[in-house]
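Student: I am new to this model and should like to understand the terms used to describe it. May I ask how each term is justified?

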Amino acid sequence: MGHSTRLTARQGDLTAQEVDAIVNAANEQLQHGGGVAAAIVRAGGASIQEESNAWVSENGPVRPGEAALTGAGALSARWVIHVVGPRHAQGQDNKGRLAEAVTAALDAAAAAGASSVAMPAISTGIFGYPPDEAVPVIVAAARRWADEHPDELQEVRFVGYDETMTDRFRLALD
């Protein structure tokens, strides 16, 4: 057993994190018009949207449990990993789908050769997943992934845009 992955929580701007890869909570068509996705394109530049369009025309829409990798434009990160979390709804496996998105993101980061990843609270924005329910699922999925892949990533950083979201991540990490 080597070094294990550090799971940390930090408050701030996801797009400003100095990590190898940032995770985008995207929609299936990778149209980055709102929320975290819009912020990433604003900060990183049009190339991220252009690469996203090319990815979709080549591969089709991003499916649940799948990740799309693009460059990160002007961001300090090297890659943006686009995953599609569930639109929160009664009668579907919200937890399972959310955990699947986290797993897909971390698999993609490791495959790309990243050592550090910053991740937001996937599905908690316009997809309507209540943050108090989503955050523990996200953290548990990342912890499970890190336990199964002990040497692949050095850090998974959960980034809260405000104190409340950051505290949710800290609580889930404890």
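Student: Which residues does the face of helix 2 turned away from its buried side carry, and what makes them "exposed"?

Tutor: In this predicted model, that face carries Glu50, Ser57 and Glu58. The term exposed requires over 50% relative accessible area, and these residues are classed as exposed.

Student: Which residues of helix 2 are called buried?

Tutor: They are Ile48, Gln49, Ser52, Trp55 and Val56. The cut-off for buried is under 20% relative accessible area, so the term applies to these five positions.

Student: How do you know that the buried residues lie on the same side of helix 2?

Tutor: Around the axis they cover an arc of only 120°, and therefore they share one side of helix 2. These buried residues pack against helix 1 (35–44), strand 3 (67–71) and strand 4 (79–83). Helix 2 lies across strand 3 and strand 4, and runs at about 140° to strand 3.

Student: What is the span of helix 2, and what is expected?

Tutor: Helix 2 comprises residues 46–59, 14 in number. From first C-alpha to last it reaches 20 Å, which is close to the 20 Å expected at 1.5 Å a residue. Just after helix 2, Gly60 has a positive phi of about 85°.

Student: Why is Asp162 said to cap helix 5?

Tutor: A side-chain oxygen of Asp162 lies 3.3 Å from the backbone nitrogen of Thr164, at the N-terminal end of helix 5. The limit for a polar contact between N or O atoms is within 3.5 Å, so this pair meets the distance limit.

Student: Which residues of helix 5 are buried, and how do you know where they lie around the axis?

Tutor: The buried residues of helix 5 (residues 163–173) are Met165, Thr166, Phe169 and Leu173. Their arc around the axis is only 100°, so they are on the same side of helix 5. They pack against strand 1 (6–11), helix 4 (131–148) and strand 6 (155–160). The face turned away from them carries the exposed residues Glu163 and Leu171.

Student: What makes strand 1 and strand 3 edge strands?

Tutor: The open sheet has six strands in the order 1-6-5-2-4-3, with mixed pairing. Strand 1 and strand 3 each pair on one side only, and are thus its edge strands.

Student: How do you know that strand 1 and strand 6 pair?

Tutor: Pairing requires at least two bridges, and six bridges join strand 1 to strand 6, so the condition is met. These two strands run parallel. Arg6, for instance, has Glu155 in strand 6 as its bridge partner.

Methods:
Residues are numbered from 1 along each chain as its sequence is written. This is a predicted model: local features need pLDDT of at least 70, side-chain atom pairs count only at pLDDT 80 or more; totals for chains, interfaces and linings use all residues. Side-chain values use heavy atoms; hydrogens and water are left out. Helices (H or I, at least four residues) and strands (E, at least two) are DSSP runs, numbered from the N terminus. The expected span of a helix is 1.5 Å times one less than its number of residues. Buried means under 20% relative accessible area, exposed over 50%, partly exposed in between (1.4 Å probe, protein chains only). The arc is that of the directions from the helix axis to the C-beta atoms. Contact means heavy atoms within 4.5 Å. A polar contact is a pair of N or O atoms within 3.5 Å; within protein, one must be able to donate a hydrogen and the other to accept it, and residues adjacent in sequence count only if both atoms are side-chain atoms. Axes are lines fitted to C-alpha atoms, for helices over the stretch in contact, and angles run from 0 to 180 degrees between N-to-C directions.
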